[in-house]
Amino acid sequence: MLNIRIEKTKDPKVLPGKDNPLKFGTIFTDHMFIMNYETGKGWYDPRVIPYQPLNLEPSAMVFHYGQEMFEGLKAYKTDDGRTLLFRPDKNIERANRTNRRICIPEIPEEDFLQAIKTVVKVDEAWIPTKEGTSLYIRPFIIATDPYLGVRPSDRYLFIIILSPVGAYYPEGLNPVKIWIEDEYVRAVKGGIGEAKTGANYVASMKSQVKAHDEGYSQVLWLDGVHRKYIEEVGAMNIFFKINGTVLTPELNGSILPGVTRDSVLALCREWGLPTEERKISIDEIKAAHENGTLEEVWGTGTAAVISPVGQLRWENHIMQVQDGGIGPISQKLYDTITGIQLGRLEDIHNWTVEV
Ligand SMILES: *Cc1c(COP(=O)(O)O)cnc(C)c1O
């Protein structure tokens, strides 16, 4: 149990109005959680303070060697005014898996949850209530030792910031066009692809820019060894429905284990749909498209929840899915998951946690 000191802002910001579109990740609330770490001392001085810039030495290790991790989850306001988190235990478990992989000290799970709940409670008035909106929660840890040498840092900051966000697709579930990357690689087995760390994102930017220039919104990554097996799409996990079966790549060491991915698999199984987690080659997708059995494709992630894919481009092959529209399973998954998150559907899995 942390003894969290709370220092409220003397200068609260004006809350975004009801009609503010809340462009993703651009507005931050009045407060943030912060806690220090030092070798020998452990995690100490947990506090909620006014949202403010950090004061770091230019030699802080995070700037040079990228020892950084992050998480992403959301808080929702229910119709009867309760605040719900969606499966925070899964994010916290994953955060510590990331920490272990990149030599950051772990945070006890109950302390992590307490920190999230405390800061969300302080800024509860910032949780938007309009359809499709939520409060995005971004916990992260950075290495702060002032040292230009490669080794794990002896000092860290654990910070949680909050951002009210609008519907990811304001016009509704909008199918996206995906560029299948055959030049660059995001991650390889044995690397850090299954850890949630900024380094994976910087590795992806060049390709993302290329795809954008070609008119595509996201990149689909193939495995780094054979350049043949499907891994992820942008910052999402990927699903295919082929001839009635729901397929997603197995967690192979280079794929980020998404909480939404896990929830989608659980729901599909519950609905009696055959599901398979296995290697899926790009040739298999191309063949399914050609013989008319590629029924639906969608990405899964906290930000968009379900992101239907309308078109895939691999080399010179353009594969149109669902005539570019949204498929029935994608829609049902979106409605069910958001229904549970908003407390409108019965939560038989105990996925939601009240703040
Ligand atoms: C966060 C993330 C996901 C999605 O995970 P969720 O827990 O569902 O939000 C997928 N891929 C990558 C690379 C990610 O960073």
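# Helix H6, Lys196 and the spaces between two domains

Helix H6 is followed by Gly292, whose phi is positive, near 80 degrees. Helices (H or I, at least four residues) and strands (E, at least two) are DSSP runs, numbered from the N terminus. The model is predicted, so local features need pLDDT of at least 70 and side-chain atom pairs count only at pLDDT 80 or more, while totals for chains, interfaces and linings use all residues. Residues are numbered from 1 along each chain as its sequence is written, and side-chain values use heavy atoms, with hydrogens and water left out.

H6 spans residues 282-290, and its buried residues are Ile282, Ile285, Lys286 and Ala288. Buried means under 20% relative accessible area, exposed over 50%, and partly exposed in between (1.4 Å probe, protein chains only). These buried residues cover an arc of only 160 degrees around the axis, which puts them on the same side of H6. The arc is that of the directions from the helix axis to the C-beta atoms.

Attention now turns to a lysine. Lys196 is in the loop between strand S9 (176-180) and helix H4 (198-213). With 12% relative accessibility, Lys196 counts as buried. An unreviewed UniProt entry places the feature "modified residue: N6-(pyridoxal phosphate)lysine" at Lys196; such annotations may be inferred rather than shown by experiment, feature names are shortened, and positions are given in the numbering used here.

Lys196 also belongs to the lining of the largest pocket, where it is among the residues nearest the centre, with Tyr168, Tyr201, Ala235 and Ala303. On a 1 Å grid over the protein atoms alone, a pocket is an open set of points with protein on both sides within 12 Å along at least five of seven lines, a cavity is a set where a 1.4 Å probe fits but cannot get out, and lining residues have an atom within 4 Å of a point. The largest pocket holds about 890 Å³ of space; a volume is the space filled by probe spheres set on the points, which are joined across faces, edges and corners. H4 supplies the largest share of its lining, six residues. Domain 1 (5-165) and domain 2 (176-341) both give residues to this lining, so the largest pocket lies between them. Domain bounds come from an automatic or database domain assignment.

One cavity of 30 Å³ or more is found in the whole structure, with a volume of about 100 Å³. Strand S5 (73-77) gives the most to its lining, three residues. Both domains contribute to this lining as well, so the cavity lies between them.
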